[in-house]
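Grab a pencil and your favourite viewer. Here are a few short exercises, each with a solution to check yourself against.

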Amino acid sequence: MNLKKHHVIAVRGLTVFLFFLVLEIAVAKGTINPLIIARPTAMILSLYGNIVQGEIPKLFLTTMTEVSAAFGLAALIGFLLGYFLWRYEYLGLAYETLLGALFASPLVLVYPIFLVIFGRSPAAVVAMGTLAGFIPITLGVRDGLAQVNRTFIRVGKSLNLSNRAIFWRIQLPAATPTIFSGLRLGFTYTLVNVIGVEFLAEIGGLGKLVSAAYFRFQIDTMYGGILTIIILTGIFIYLTYRIQGKVK
Amino acid sequence: MRKSFAFRISPTVTIQGLSIIAFIFAWEGISRSGLIFKDLVPPFFTVLRQITILLLSHDFWGHLKISLYEIGMGFLLAALIGVSLGLFLGVRLFWGEVFEPIILYLAATPKIIFFPVCIMLFGLDAGSKVAIGALSGFFPIVISILTGARELNPIYLKVARSFKASPFMTYFKVYFPAILRHLFSGLRLGLGVTVIGTFLGEIKLSRGGLGFMAINFYNQFDLPSMYGIIIVIFALAGLVNALMGIILATFSRYRHTLTT
């Protein structure tokens, strides 16, 4: 069993390695135009250079600041709204559909409106990230609280707990896994939208780097930026899965 | 139990309707007062008038055709590649395990950052939008199919083998009906993401399409038209999604006649 798992990981690593090796050779030989796709070694070298003395650490920090601000706002709005929609059932039923429809719509396409309202500034990026992130959090909080087993609450009542104590000590903990799923989804959406708008509007951090490098025709830097974004999102997805495993 | 239900509007619908009306009034009020976002938020009815003008213009329909073509081709590619690769990885369990994490992690990255690569490979026109739309739509489809094919009851396969079904027959008579539910949800999700990817590509860099119109209005600071075209794009996305829903619902009915 364990042996098979190692086998899978080894083949996976080998496949990725072979992919890059073939790419390297194809670009070096000119089969693939080096002006279109950079050699993997050149990508990594440029990435290394950009990390050590270039702008990547600063841009990374900018992106992370935007993501944190947007996620913080999204969580705040999501918790308040989710609580509210759970407390008032009719509002909750009505807004669940509305929010669901909004969530399914191509929400990111409103970003030019944010550019108009906030100017070409990180505020526009944060606004977009917040808008994309608060919906799953709201729905997660509402669903989580609504799904709490009635028996738990009855037990609390029979122990003469106050409503406040029932909420903090029974309902909220029981709702935590669902709330956390909402938070995880919200974080992913915030991250993707922040980087997306950075790229589209060329403002802020890592997304801007990819766009600017493309227009300056610095192909190595551009691929370095893309690689950084893939690794960054990968790390975050991994971490959220790990944390979710712990919560459950 | 509910006798007068045809004449009663549920409170849910009432709240939804009131909220939408309140939103429109708030928009109109904010814009008319001119206090907060002077000029930046055009009045709702100005935008509505602009939408009418847009819909009547000859220009709009040309751009619409471009967008629809790009979305259609992108989705077709995403579906073809996504379904075949998903089936392959779902059937060959070993390769499925090898590639699944790679696909899951790539699925979470913002696909739009690959857009410069698409432009360099396929040019400024429809090609690059088809590519970015296909790339975006591919991931939800391949993941759904992979999950569906893996959940297949092994007994079905044993039955197929004992009947000496050819691989082709096994795919079409066993796998295909078994994964239909996953196929449908994957296609629906994929189409939504393809629509987003295509429009974002058009907004970023293009020479045609509704996204191109939106960013053009932005650059000319013709804000009522920009808001108008964004609303039209949302309506279009909703329409495409609804159409897909109807088509899939029709197929589902067909599926039930298959299974029973």
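The exercises below go through one helix and then one whole chain of this predicted model.

**Exercise 1.** Work out what span helix α4 of chain A should have, and compare that with its end C-alpha atoms.

*Solution.* Start with the residues: α4 covers 89-104 of chain A, which is 16 residues. Next, take the rise of 1.5 Å a residue, counted over one less than the number of residues. That gives an expected span of 22 Å, and the end C-alpha atoms are 22 Å apart, so the two agree. Now look along the axis: α4(A) still bends by about 25 degrees at A:Y95.

**Exercise 2.** Find which residues of α4(A) are buried, and what they pack against.

*Solution.* Go along the helix with a cut-off of 20 or more other C-beta atoms within 10 Å. You should land on A:G92, A:A94, A:Y95 and A:L99. So A:Y95, where the helix bends, is also one of the buried residues. Then check the partners: within chain A they are α3 (56-87) and α6 (122-146), and chain B adds its α1 (11-33).

**Exercise 3.** Describe the make-up and overall dimensions of chain B.

*Solution.* First, count elements: you get eleven helices and zero strands. Second, compare with a compact globule of 260 residues: that would have a radius of gyration near 18 Å, but chain B has 23 Å. Third, box the C-alpha atoms along the principal axes, which gives roughly 75 × 65 × 35 Å. Fourth, check burial: 38% of the 260 residues count as buried. Finally, take the contacts with a separation of 6 or more: 74% of them join residues 24 or more positions apart.

Note on methods
Residues numbered from 1 in each chain as written. Chains lettered and ligands numbered in written order. Predicted model: local features only at pLDDT ≥ 70, side-chain atom pairs only at ≥ 80, totals over all residues. Helix = DSSP H or I, 4+ residues; strand = E, 2+ residues; numbered from the N terminus. Bend = angle between axes of the 7 residues up to and from the residue. Buried ≥ 20, exposed ≤ 12 C-beta atoms within 10 Å, placed from the backbone. Contact = placed C-beta atoms within 7 Å. Rg over C-alpha atoms; globule rule 2.2 N^0.38 Å.
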